[in-house]
Amino acid sequence: MTRAADLDRHCGPAAVAAVFAHRPQDVMRLFHTAERRREAGPHCAALARLRRPYREVVAADLARIAGTQHHGGIVALALPRAVPAIDTRDLPEAVRSARVTPVLDGIGNPHNLGAIARSAAFFGCRAMVLSGDPRQAGLSDAAFRTAEGGLEALELYRAADLPLLLRALPAGIVSVAAVARGGAPPAAVPRGAPVLLVLGNEESGLAAPTIAACALRVTLPPTGPVESLNVSVAAAVLIHALST
């Protein structure tokens, strides 16, 4: 049996339900408290059919299994999810058919990654791309927990060389760099074509080569005394604005 240390931890009812809905064959074990017995029932039945273990435990034991007190009373241990490379010569249908696809470049906080995925799934995005920037967070327990099932709802891809990917996009796909200042307002971005919305590191923003490789730049104009937003909040606002 695969060691627990080699498995991803999905915490909380929404995250657990999502992994069972999208890839139940990857769930190896399930733990829950008595308070989550009702929600756990169908998942336990699924694991029983697969002859995999599940168990009801007390909250203190679940915290040790989850590695956090924020476990929501139920934790699934699942095989790590593969993130294939994206190929512009055969761009996924999930990117070609969605209005907006977020592209994360150097966003190192896994909670921001998870929050962006949650917003993306909420607003109808079908995929998300992670860049090869060494600062870029990957899939983790914290990201899955914050995403509340959003990561499972999205197709995930990686781009080792993001500027190269952006320059090689086929006609009809618009790349838009989110910049702190100097970009057009979201309403000025042409409608009718799929958009790759490129979001950068919260401290330093997008690198110059990445911005240069994008067709357009977009900026959220502030209307109050605070000059900037957390990147996950800005992502949610921009995804919504560009999707309508």
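User: Is Val-16 buried or exposed, going by its relative accessibility?
Analyst: This is a predicted model, where local features need pLDDT of at least 70, side-chain atom pairs count only at pLDDT 80 or more, and totals for chains, interfaces and linings use all residues. Residues are numbered from 1 along each chain as its sequence is written, and side-chain values use heavy atoms, with hydrogens and water left out. Buried means under 20% relative accessible area, exposed over 50%, partly exposed in between (1.4 Å probe, protein chains only). Val-16 has 1% relative accessibility, so it counts as buried.

User: Which helix holds Val-16?
Analyst: Helices are DSSP runs (H or I, at least four residues), as are strands (E, at least two), numbered from the N terminus. Val-16 falls in the run of residues 13–22, helix H1.

User: Which residues does Val-16 contact beyond four places in sequence?
Analyst: Contact means heavy atoms within 4.5 Å. Leu-30 is 14 residues from Val-16 in sequence, with 9.0 Å between their C-alpha atoms. Leaving aside neighbours within four places, the contacts of Val-16 are His-10, Leu-30, His-43, Ile-74, Val-75 and Ala-76.

User: Why is strand E2 largely enclosed by the rest of the structure?
Analyst: E2 covers residues 27–32. It is largely enclosed because the number of its six residues that are buried is six.

User: Which residue of E3 stands opposite Leu-30?
Analyst: Two strands pair if DSSP finds at least two bridges between them. E2 and E4 run antiparallel, joined by five bridges. E2 and strand E3 (residues 54–56) run parallel, joined by three bridges. Opposite Leu-30 in E3 stands Tyr-54.

User: What is the handedness of the β-α-β crossover from E2 to E3?
Analyst: The chain passes from E2 through helix H2 (residues 37–50) to E3. A crossover is right-handed if, with the strands pointing away from the viewer, the path from the first strand over the helix to the second runs clockwise. This crossover is right-handed.

User: Which element gives the most to the largest nonpolar core?
Analyst: A nonpolar core is a set of buried Ala, Val, Leu, Ile, Met, Phe, Trp, Tyr and Cys residues joined through side-chain atoms within 4.5 Å. The largest has 29 residues, and Leu-104 and Leu-113 are among those with the most contacts inside it. Elements that each supply at least two residues of this core include strand E5 (100–105) and helix H10 (231–243). With five residues, the element giving the most to this core is H10.
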